[in-house]
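Please open the structure in your viewer and keep the sequence beside it, so that each selection can be followed in both places. The tour below goes from one stop to the next.

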Amino acid sequence: MKVTRVKETKKIKIGNIYIGGDSKVAVQSMTNTDTRDVEATIKQILELEKQGCDIVRCAVPDMVAADAIKSIIKGIHIPLVADIHFDYNLALKSIENGISKLRINPGNIGSIDRIKLVADAAKEKQIPIRIGVNSGSLEKDILKKYGHVCSQALVESALRHVKILEGLDFYDIVISIKSSDVMMMIESYKLLSSKVNYPLHLGVTEAGTTWRGTIKSSIGIGALLAEGIGDTIRVSLTGDVVDEVKVGTEILKSLGYIDGGVKFVSCPTCGRTQINLIKIANEVEEKLKLCDKNIKIAIMGCAVNGPGEAREADIGIAGGNGIGLIFKKGEIIKTVKEENLVEELIREIDKL
(Lines give C-alpha, C1' and ligand atoms only; values in the text may rest on other atoms or scores of the structure.)
Protein backbone atom coordinates (compact mmCIF):
# COMPACT_ATOMS: atom_id res chain seq x y z
CA MET A 1 0.00 0.00 0.00
CA LYS A 2 1.39 3.37 -1.05
CA VAL A 3 0.91 6.76 0.59
CA THR A 4 -1.09 9.39 -1.27
CA ARG A 5 0.57 12.79 -1.23
CA VAL A 6 -1.48 15.56 0.40
CA LYS A 7 -0.66 17.90 -2.45
CA GLU A 8 1.94 18.32 -5.14
CA THR A 9 4.57 20.76 -3.97
CA LYS A 10 6.78 22.86 -6.21
CA LYS A 11 9.41 20.79 -8.01
CA ILE A 12 12.93 22.09 -7.41
CA LYS A 13 16.23 20.98 -8.94
CA ILE A 14 19.15 20.31 -6.59
CA GLY A 15 22.27 19.40 -8.50
CA ASN A 16 21.46 16.29 -10.50
CA ILE A 17 18.20 15.41 -8.72
CA TYR A 18 14.78 16.95 -8.03
CA ILE A 19 12.70 17.21 -4.87
CA GLY A 20 9.04 18.17 -4.61
CA GLY A 21 6.31 17.64 -7.15
CA ASP A 22 6.26 14.05 -8.39
CA SER A 23 9.87 13.38 -7.32
CA LYS A 24 10.79 10.63 -4.90
CA VAL A 25 11.34 11.55 -1.25
CA ALA A 26 15.07 12.20 -0.97
CA VAL A 27 17.18 10.99 1.97
CA GLN A 28 19.73 13.45 3.34
CA SER A 29 22.52 13.47 5.88
CA MET A 30 25.15 15.90 7.10
CA THR A 31 28.87 15.30 7.42
CA ASN A 32 30.46 15.55 10.86
CA THR A 33 34.01 15.82 9.55
CA ASP A 34 35.89 19.11 9.50
CA THR A 35 34.89 20.47 6.08
CA ARG A 36 38.37 21.94 5.76
CA ASP A 37 39.70 18.36 5.76
CA VAL A 38 38.85 17.59 2.14
CA GLU A 39 40.05 13.98 2.16
CA ALA A 40 38.11 13.01 5.30
CA THR A 41 34.96 14.78 4.10
CA ILE A 42 35.02 13.12 0.69
CA LYS A 43 35.61 9.72 2.32
CA GLN A 44 32.58 10.15 4.57
CA ILE A 45 30.35 11.35 1.74
CA LEU A 46 31.31 8.34 -0.40
CA GLU A 47 30.31 6.09 2.51
CA LEU A 48 26.96 7.88 2.66
CA GLU A 49 26.53 7.43 -1.08
CA LYS A 50 27.00 3.66 -0.72
CA GLN A 51 24.08 3.58 1.71
CA GLY A 52 21.84 5.46 -0.72
CA CYS A 53 22.17 9.04 0.51
CA ASP A 54 20.63 11.40 -2.08
CA ILE A 55 21.80 14.79 -0.76
CA VAL A 56 24.54 15.69 1.71
CA ARG A 57 25.12 18.87 3.71
CA CYS A 58 28.32 20.19 5.26
CA ALA A 59 29.03 22.99 7.68
CA VAL A 60 30.79 26.06 6.28
CA PRO A 61 32.08 27.94 9.37
CA ASP A 62 34.79 29.98 7.64
CA MET A 63 36.33 30.89 4.31
CA VAL A 64 38.77 27.97 4.38
CA ALA A 65 35.79 25.60 4.51
CA ALA A 66 34.06 27.54 1.73
CA ASP A 67 37.17 27.18 -0.44
CA ALA A 68 37.35 23.44 0.33
CA ILE A 69 33.94 22.95 -1.27
CA LYS A 70 35.43 23.21 -4.75
CA SER A 71 37.68 20.19 -4.12
CA ILE A 72 35.04 18.20 -2.24
CA ILE A 73 32.56 18.47 -5.11
CA LYS A 74 35.10 16.96 -7.52
CA GLY A 75 35.31 13.81 -5.40
CA ILE A 76 31.60 13.05 -4.83
CA HIS A 77 28.54 12.19 -6.91
CA ILE A 78 25.57 13.63 -5.02
CA PRO A 79 24.44 17.24 -4.49
CA LEU A 80 26.30 19.16 -1.79
CA VAL A 81 24.50 21.65 0.46
CA ALA A 82 26.38 24.43 2.24
CA ASP A 83 25.19 25.13 5.78
CA ILE A 84 25.71 28.86 6.42
CA HIS A 85 25.07 31.01 9.47
CA PHE A 86 25.55 34.78 9.89
CA ASP A 87 28.21 35.49 7.24
CA TYR A 88 26.80 36.23 3.79
CA ASN A 89 30.31 36.14 2.31
CA LEU A 90 30.49 32.41 3.07
CA ALA A 91 27.27 31.91 1.14
CA LEU A 92 28.61 33.86 -1.86
CA LYS A 93 31.89 31.92 -1.87
CA SER A 94 30.05 28.59 -1.56
CA ILE A 95 27.86 29.50 -4.53
CA GLU A 96 30.94 30.49 -6.51
CA ASN A 97 32.58 27.16 -5.69
CA GLY A 98 29.71 25.07 -7.02
CA ILE A 99 27.38 23.99 -4.20
CA SER A 100 23.98 22.65 -5.22
CA LYS A 101 21.91 24.21 -2.44
CA LEU A 102 22.24 26.72 0.41
CA ARG A 103 20.89 26.26 3.90
CA ILE A 104 20.46 29.66 5.52
CA ASN A 105 18.03 31.78 7.46
CA PRO A 106 17.87 34.98 5.38
CA GLY A 107 17.16 37.04 8.47
CA ASN A 108 20.41 36.14 10.23
CA ILE A 109 22.93 36.99 7.51
CA GLY A 110 22.62 40.75 7.76
CA SER A 111 20.93 43.63 5.95
CA ILE A 112 18.49 43.26 3.07
CA ASP A 113 21.27 44.34 0.71
CA ARG A 114 23.40 41.39 1.81
CA ILE A 115 20.48 39.00 1.53
CA LYS A 116 19.84 40.31 -1.99
CA LEU A 117 23.43 39.63 -2.99
CA VAL A 118 23.06 36.02 -1.89
CA ALA A 119 19.61 35.58 -3.46
CA ASP A 120 20.75 37.08 -6.77
CA ALA A 121 23.87 34.90 -6.88
CA ALA A 122 21.84 31.78 -6.08
CA LYS A 123 19.22 32.68 -8.69
CA GLU A 124 21.87 33.20 -11.37
CA LYS A 125 23.33 29.74 -10.70
CA GLN A 126 19.86 28.15 -10.19
CA ILE A 127 20.76 27.15 -6.65
CA PRO A 128 17.80 26.70 -4.26
CA ILE A 129 17.81 27.97 -0.70
CA ARG A 130 16.57 25.96 2.25
CA ILE A 131 15.16 28.06 5.05
CA GLY A 132 15.91 26.22 8.26
CA VAL A 133 13.99 27.20 11.38
CA ASN A 134 14.71 25.43 14.68
CA SER A 135 12.86 25.70 17.97
CA GLY A 136 16.09 26.83 19.63
CA SER A 137 16.66 29.81 17.36
CA LEU A 138 13.38 31.72 17.16
CA GLU A 139 13.44 35.50 16.83
CA LYS A 140 13.00 37.42 20.08
CA ASP A 141 9.90 39.30 18.94
CA ILE A 142 8.15 36.08 17.91
CA LEU A 143 9.02 34.45 21.23
CA LYS A 144 7.66 37.52 23.02
CA LYS A 145 4.45 37.41 20.98
CA TYR A 146 3.66 33.78 21.82
CA GLY A 147 5.36 33.61 25.20
CA HIS A 148 7.02 30.27 24.41
CA VAL A 149 8.13 28.05 21.56
CA CYS A 150 5.10 26.59 19.79
CA SER A 151 4.03 25.40 16.34
CA GLN A 152 2.49 28.75 15.43
CA ALA A 153 5.70 30.57 16.36
CA LEU A 154 7.86 28.24 14.28
CA VAL A 155 5.62 28.59 11.24
CA GLU A 156 5.47 32.37 11.60
CA SER A 157 9.27 32.50 11.68
CA ALA A 158 9.55 30.32 8.58
CA LEU A 159 7.00 32.41 6.67
CA ARG A 160 8.87 35.58 7.64
CA HIS A 161 12.02 34.24 6.00
CA VAL A 162 10.04 33.06 2.98
CA LYS A 163 8.59 36.54 2.58
CA ILE A 164 12.09 38.05 2.57
CA LEU A 165 13.17 35.83 -0.35
CA GLU A 166 9.92 36.25 -2.25
CA GLY A 167 10.31 40.01 -1.89
CA LEU A 168 13.63 39.62 -3.72
CA ASP A 169 11.95 37.65 -6.52
CA PHE A 170 13.46 34.37 -5.32
CA TYR A 171 11.21 31.30 -5.28
CA ASP A 172 13.45 28.21 -5.40
CA ILE A 173 12.76 27.64 -1.72
CA VAL A 174 12.76 24.56 0.52
CA ILE A 175 11.59 24.88 4.13
CA SER A 176 12.32 23.01 7.34
CA ILE A 177 10.91 23.78 10.78
CA LYS A 178 12.53 21.31 13.13
CA SER A 179 11.94 20.78 16.81
CA SER A 180 13.29 18.25 19.30
CA ASP A 181 9.70 17.89 20.54
CA VAL A 182 8.15 15.28 18.26
CA MET A 183 4.54 16.42 18.62
CA MET A 184 5.48 20.07 18.07
CA MET A 185 7.44 19.07 14.99
CA ILE A 186 4.45 17.16 13.57
CA GLU A 187 2.00 19.97 14.29
CA SER A 188 4.35 22.58 12.83
CA TYR A 189 4.80 20.82 9.52
CA LYS A 190 1.08 20.17 9.20
CA LEU A 191 0.36 23.85 9.74
CA LEU A 192 3.10 24.91 7.34
CA SER A 193 1.92 22.45 4.68
CA SER A 194 -1.50 24.09 4.75
CA LYS A 195 0.04 27.50 4.02
CA VAL A 196 2.74 26.93 1.35
CA ASN A 197 3.45 24.70 -1.61
CA TYR A 198 7.23 24.78 -1.29
CA PRO A 199 8.99 21.42 -0.74
CA LEU A 200 9.32 20.50 2.93
CA HIS A 201 12.46 19.05 4.49
CA LEU A 202 11.41 16.85 7.43
CA GLY A 203 13.39 16.13 10.56
CA VAL A 204 13.35 15.98 14.34
CA THR A 205 16.27 18.15 15.40
CA GLU A 206 18.66 17.06 18.15
CA ALA A 207 16.83 13.73 18.23
CA GLY A 208 19.46 12.05 20.37
CA THR A 209 21.59 8.92 20.25
CA THR A 210 21.19 6.29 17.56
CA TRP A 211 18.68 4.32 19.64
CA ARG A 212 16.59 7.18 20.99
CA GLY A 213 16.96 9.33 17.88
CA THR A 214 15.81 6.53 15.62
CA ILE A 215 12.60 6.16 17.62
CA LYS A 216 11.84 9.89 17.73
CA SER A 217 12.67 10.41 14.06
CA SER A 218 10.65 7.40 12.95
CA ILE A 219 7.60 8.71 14.81
CA GLY A 220 7.93 12.34 13.70
CA ILE A 221 9.03 11.83 10.11
CA GLY A 222 6.92 8.70 9.68
CA ALA A 223 3.72 10.32 10.95
CA LEU A 224 4.03 13.14 8.44
CA LEU A 225 5.02 10.94 5.51
CA ALA A 226 2.10 8.64 6.32
CA GLU A 227 -0.18 11.62 5.72
CA GLY A 228 1.60 12.51 2.49
CA ILE A 229 3.54 15.47 3.87
CA GLY A 230 7.27 15.82 3.15
CA ASP A 231 9.60 15.88 0.17
CA THR A 232 13.01 15.17 1.68
CA ILE A 233 14.11 13.86 5.08
CA ARG A 234 17.09 13.93 7.40
CA VAL A 235 17.32 11.69 10.46
CA SER A 236 19.50 13.53 13.00
CA LEU A 237 21.47 11.13 15.19
CA THR A 238 24.27 11.54 17.71
CA GLY A 239 26.28 8.76 16.14
CA ASP A 240 27.55 7.44 12.83
CA VAL A 241 26.09 9.55 10.02
CA VAL A 242 25.74 6.41 7.89
CA ASP A 243 23.07 5.25 10.35
CA GLU A 244 21.06 8.38 9.51
CA VAL A 245 20.73 7.18 5.93
CA LYS A 246 19.96 3.61 6.97
CA VAL A 247 17.15 4.75 9.25
CA GLY A 248 15.79 7.25 6.76
CA THR A 249 15.74 4.67 3.99
CA GLU A 250 13.99 2.14 6.21
CA ILE A 251 11.33 4.71 7.15
CA LEU A 252 10.61 5.23 3.44
CA LYS A 253 10.54 1.48 2.77
CA SER A 254 8.15 0.87 5.65
CA LEU A 255 5.69 3.42 4.26
CA GLY A 256 5.90 2.21 0.68
CA TYR A 257 7.80 5.23 -0.64
CA ILE A 258 10.58 2.90 -1.86
CA ASP A 259 9.65 -0.15 -3.91
CA GLY A 260 13.03 -1.74 -4.49
CA GLY A 261 15.55 -3.20 -2.10
CA VAL A 262 15.46 -5.95 0.47
CA LYS A 263 12.48 -6.13 2.82
CA PHE A 264 12.95 -8.13 6.03
CA VAL A 265 10.39 -9.93 8.12
CA SER A 266 11.72 -11.56 11.29
CA CYS A 267 9.95 -12.83 14.37
CA PRO A 268 10.77 -11.51 17.87
CA THR A 269 11.51 -15.08 19.08
CA CYS A 270 9.80 -16.87 21.95
CA GLY A 271 10.16 -19.99 24.04
CA ARG A 272 9.53 -22.18 20.99
CA THR A 273 12.65 -20.90 19.21
CA GLN A 274 15.38 -23.56 19.11
CA ILE A 275 18.03 -21.79 17.02
CA ASN A 276 19.94 -18.56 17.65
CA LEU A 277 17.58 -16.53 15.49
CA ILE A 278 18.71 -13.13 16.75
CA LYS A 279 22.28 -13.83 15.66
CA ILE A 280 21.13 -15.27 12.33
CA ALA A 281 18.83 -12.34 11.55
CA ASN A 282 21.56 -9.80 12.33
CA GLU A 283 24.10 -11.67 10.19
CA VAL A 284 21.73 -11.89 7.22
CA GLU A 285 20.80 -8.22 7.51
CA GLU A 286 24.48 -7.19 7.67
CA LYS A 287 25.46 -9.33 4.67
CA LEU A 288 22.62 -7.89 2.59
CA LYS A 289 22.95 -4.24 3.63
CA LEU A 290 24.05 -3.21 0.14
CA CYS A 291 21.83 -5.66 -1.76
CA ASP A 292 19.55 -3.85 -4.20
CA LYS A 293 17.39 -6.82 -5.17
CA ASN A 294 13.67 -6.21 -4.81
CA ILE A 295 12.98 -9.19 -2.56
CA LYS A 296 11.21 -10.03 0.69
CA ILE A 297 13.04 -12.26 3.18
CA ALA A 298 11.42 -13.95 6.17
CA ILE A 299 13.61 -15.03 9.11
CA MET A 300 11.32 -17.03 11.38
CA GLY A 301 12.07 -18.94 14.57
CA CYS A 302 9.72 -21.90 14.42
CA ALA A 303 7.01 -23.68 12.46
CA VAL A 304 4.09 -21.73 14.03
CA ASN A 305 4.36 -18.63 11.82
CA GLY A 306 7.41 -19.58 9.80
CA PRO A 307 5.87 -21.44 6.87
CA GLY A 308 3.07 -18.89 6.48
CA GLU A 309 5.41 -15.90 6.48
CA ALA A 310 7.86 -17.71 4.20
CA ARG A 311 5.00 -18.39 1.78
CA GLU A 312 4.46 -14.62 1.48
CA ALA A 313 8.19 -14.00 1.06
CA ASP A 314 10.47 -14.62 -1.90
CA ILE A 315 12.74 -16.63 0.35
CA GLY A 316 13.03 -17.35 4.04
CA ILE A 317 13.81 -19.74 6.83
CA ALA A 318 11.84 -21.41 9.60
CA GLY A 319 13.94 -22.68 12.50
CA GLY A 320 13.80 -26.08 14.14
CA ASN A 321 15.93 -27.90 16.70
CA GLY A 322 19.39 -26.79 15.59
CA ILE A 323 18.30 -26.69 11.95
CA GLY A 324 16.52 -24.40 9.55
CA LEU A 325 14.16 -25.05 6.68
CA ILE A 326 14.85 -22.79 3.70
CA PHE A 327 11.71 -21.80 1.81
CA LYS A 328 11.44 -20.25 -1.63
CA LYS A 329 8.01 -18.93 -2.60
CA GLY A 330 6.46 -21.14 0.08
CA GLU A 331 8.20 -24.33 -1.05
CA ILE A 332 10.80 -26.05 1.14
CA ILE A 333 13.98 -26.31 -0.90
CA LYS A 334 16.41 -27.65 1.71
CA THR A 335 17.04 -28.42 5.36
CA VAL A 336 20.28 -26.98 6.72
CA LYS A 337 22.21 -27.27 9.98
CA GLU A 338 22.11 -24.11 12.07
CA GLU A 339 25.82 -23.39 11.68
CA ASN A 340 25.49 -23.39 7.87
CA LEU A 341 22.15 -21.63 7.66
CA VAL A 342 23.30 -18.07 6.93
CA GLU A 343 25.78 -19.20 4.28
CA GLU A 344 23.18 -21.37 2.52
CA LEU A 345 20.47 -18.73 2.70
CA ILE A 346 22.78 -16.10 1.18
CA ARG A 347 23.73 -18.58 -1.55
CA GLU A 348 20.07 -19.07 -2.44
CA ILE A 349 19.42 -15.33 -2.34
CA ASP A 350 22.30 -14.80 -4.79
CA LYS A 351 20.51 -17.12 -7.22
CA LEU A 352 17.32 -15.03 -7.20
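## Loops and cysteines

Begin by selecting D169, which sits in the loop between α6 (151-167) and β8 (173-178); as you look, keep in mind that the model is predicted. The backbone here deserves attention, for D169 has a positive phi of about 60 degrees although it is not a glycine. Most residues other than glycine have a negative phi. With a relative accessibility of 42%, D169 counts as partly exposed.

Next, move to F86, which you will find in the loop that lies between β5 (80-83) and α3 (88-96). Here too the residue is not a glycine, and yet the phi of F86 is positive, at about 75 degrees. Is F86 buried or exposed? Its relative accessibility is 61%, and F86 therefore counts as exposed.

Now turn to the cysteines and select C58, together with C53, whose sulfur is the closest cysteine sulfur to that of C58. Why is there no bond between C58 and C53? The two sulfur atoms are 12 Å apart, which is too far for a bond, given that a disulfide calls for a pair of cysteine sulfur atoms within 2.5 Å. By this rule, the count of disulfides comes to zero. While C58 is still selected, note that C58 counts as buried, at 0% relative accessibility.

For the last stop, select C150, a residue that is also buried, with a relative accessible area of 10%.

Methods
Residues numbered from 1 in each chain as written. Predicted model: local features only at pLDDT ≥ 70, side-chain atom pairs only at ≥ 80, totals over all residues. Heavy atoms only, no water. Buried < 20%, exposed > 50% of the residue type's maximum accessible area, 1.4 Å probe, protein only. Helix = DSSP H or I, 4+ residues; strand = E, 2+ residues; numbered from the N terminus.
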